Amino acid sequence: MQEHGQKPYRARQLFSWIYKKRADSFRMMSDLPASLIETLEKEFILMPLKEIDRQTARDGTVKFLFEMTDGSSVEAVLMHFHFGDSLCVSSQIGCNMGCTFCASGLLKKQRDLTSGEMTGEVMYVQKMLDETGGRVDNIVIMGTGEPFDNYENVMRFCSTVNSDHGLAIGARHITISTCGIVPKIDAFAAGHYQFNLAISLHAPNDELRRKLMPVDRAYPLDELMASLKRYSTDNHRRITFEYILLAGVNDTDAHAKELADLIRGMNAYVNLIPYNQVDENGYRTADEKKALHFYDILMKNGVKATLRSKHGEDIDAACGQLRAKHEKAKNSE
Ligand code: SAH
């Protein structure tokens, strides 16, 4: 605001119109001077995206495909849990991390999303929920993209939705999920943020992790775990490790024991995730019995774990799947 020659209280008014009254246009901001409204209309847009597709699963999970002003598209997924509604937001257009099991990497990164675009994903869904008195209770940055490869914008986005002047979503209701970019984990630790940190682990040793996640070559497990231990100790925060169970790849008893050895003693737990199959790569999800057995081994070996239930199974719920389908259709037109 100040850089536009405006008084700071104008920013508060603007935030209130945008986030509390959910204004759809600058024109309706009746306590702003006409000249400011004119400038705002010329230089900014209130909703930087539009919905171009939607899939609703039988369990109520809704996947949105949004188009940005430059014509690129991103996904967001709304899931209903007993503890409230969670929105999974994308942080980049495409992704360069190259995890072999993930559909997002089918399309290379085109660009980072701005904090305004990420906020747009939340505002769009919040406005939809307003119609039935609902609320985005939780945000997980687990859509397409690597949030710590777009660190500044992601942190600005988190601050905006967390702010009392913004959507006032509590920091502990916002989770950043990273594939393990160590210098940014260190920066996050130094910032003493209260947002939750989740790490996509998916393998208990470098040899296997490298096959699944190329990022492991740049930041091997000993560096990653050391950084996480520093973060957890300095910030007194619990870490979530995400572990997708891939049949015959990372789901044996030996893997479970190795995983337990890696994590035991840390303030952390493992979230075991069923794999959403992606046609293009041939990985299969471990069956339920196997998943429960894996869970038991972790618990018996002193590591807390949860088994996540599947959401949106009958839609293209895997990160990047809906978008990849659209891009394919576009290219074959
Ligand atoms: N780049 C970040 C955030 C996006 S991925 C990260 O790696 O954490 C969010 C989570 O979804 C990660 O744990 C990722 O490994 C997982 N994931 C990717 N594809 C999946 C699929 N097809 N089924 C289940 N989980 C998947």
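In this predicted model, strands β8 (174-178) and β10 (239-245) each contribute at least two residues to the shell around the ligand. That shell holds 20 residues, the closest of which are Glu146, Ser177, Ser200, His202 and Asn276. Several polar contacts can be picked out here. The side chain of His202 places an N or O atom 2.6 Å from an oxygen atom of the ligand. Taken alone, the ligand exposes 540 Å², and the protein buries 93% of that area. A nitrogen atom of the ligand lies 3.0 Å from a polar side-chain atom of Glu146, and a backbone N or O atom of Gly145 is likewise found 3.0 Å from a nitrogen atom of the ligand.

Attention then turns to charged side chains. Across the whole structure, 15 salt bridges are found. One of them joins Lys63 and Glu75, with an N to O distance of 3.1 Å. This pair links distant parts of the chain, as Lys63 sits in strand β2 (residues 62-68) and Glu75 in strand β3 (residues 73-81), 12 residues apart. Both partners are covered by protein: Lys63 counts as buried at 0% relative accessibility, and Glu75 is buried with a relative accessible area of 4%.

Glu41 and Arg27 offer another setting, their closest N and O atoms being 2.9 Å apart in a salt bridge. Here, too, distant parts of the chain are linked: Glu41 belongs to helix α2 (residues 34-43), whereas Arg27 lies 14 residues away in the loop between α1 (8-20) and α2. Glu41 is partly exposed, with a relative accessible area of 32%, while Arg27 is exposed at 62%. A salt bridge also forms between Asp137 and Arg135, at 3.7 Å from N to O. Asp137 is partly exposed at 23% relative accessible area, and so is Arg135, at 38%. In addition, salt bridges connect Asp70, Arg111 and Glu117 in a network.

Glu121, in helix α3 (residues 115-130), makes a useful counterpoint. This residue is buried but has no salt bridge. The nearest side chain of opposite charge is that of Arg111, 9.5 Å away; a salt bridge requires a separation within 4 Å, so Arg111 does not qualify as a partner. What does the side chain of Glu121 meet through a polar atom? The backbone nitrogen of Ser90 lies 3.0 Å from such an atom. Leaving aside residues up to four places away in sequence, Glu121 touches Leu49, Phe66, Val74, Glu75, Ala76, Leu87, Val89, Ser90 and Leu113. Among these contacts is Glu75, which is the salt-bridge partner of Lys63.

Key:
Residues numbered from 1 in each chain as written. Predicted model: local features only at pLDDT ≥ 70, side-chain atom pairs only at ≥ 80, totals over all residues. Heavy atoms only, no water. Helix = DSSP H or I, 4+ residues; strand = E, 2+ residues; numbered from the N terminus. Buried < 20%, exposed > 50% of the residue type's maximum accessible area, 1.4 Å probe, protein only. Lys, Arg positive; Asp, Glu negative; His and termini not counted. Polar contact = N/O pair within 3.5 Å; in protein donor to acceptor, adjacent residues only side chain to side chain. Contact = heavy atoms within 4.5 Å. Near = heavy atom within 4 Å. Areas by Shrake-Rupley, 256 points an atom, 1.4 Å probe, with all protein chains shown as cover.
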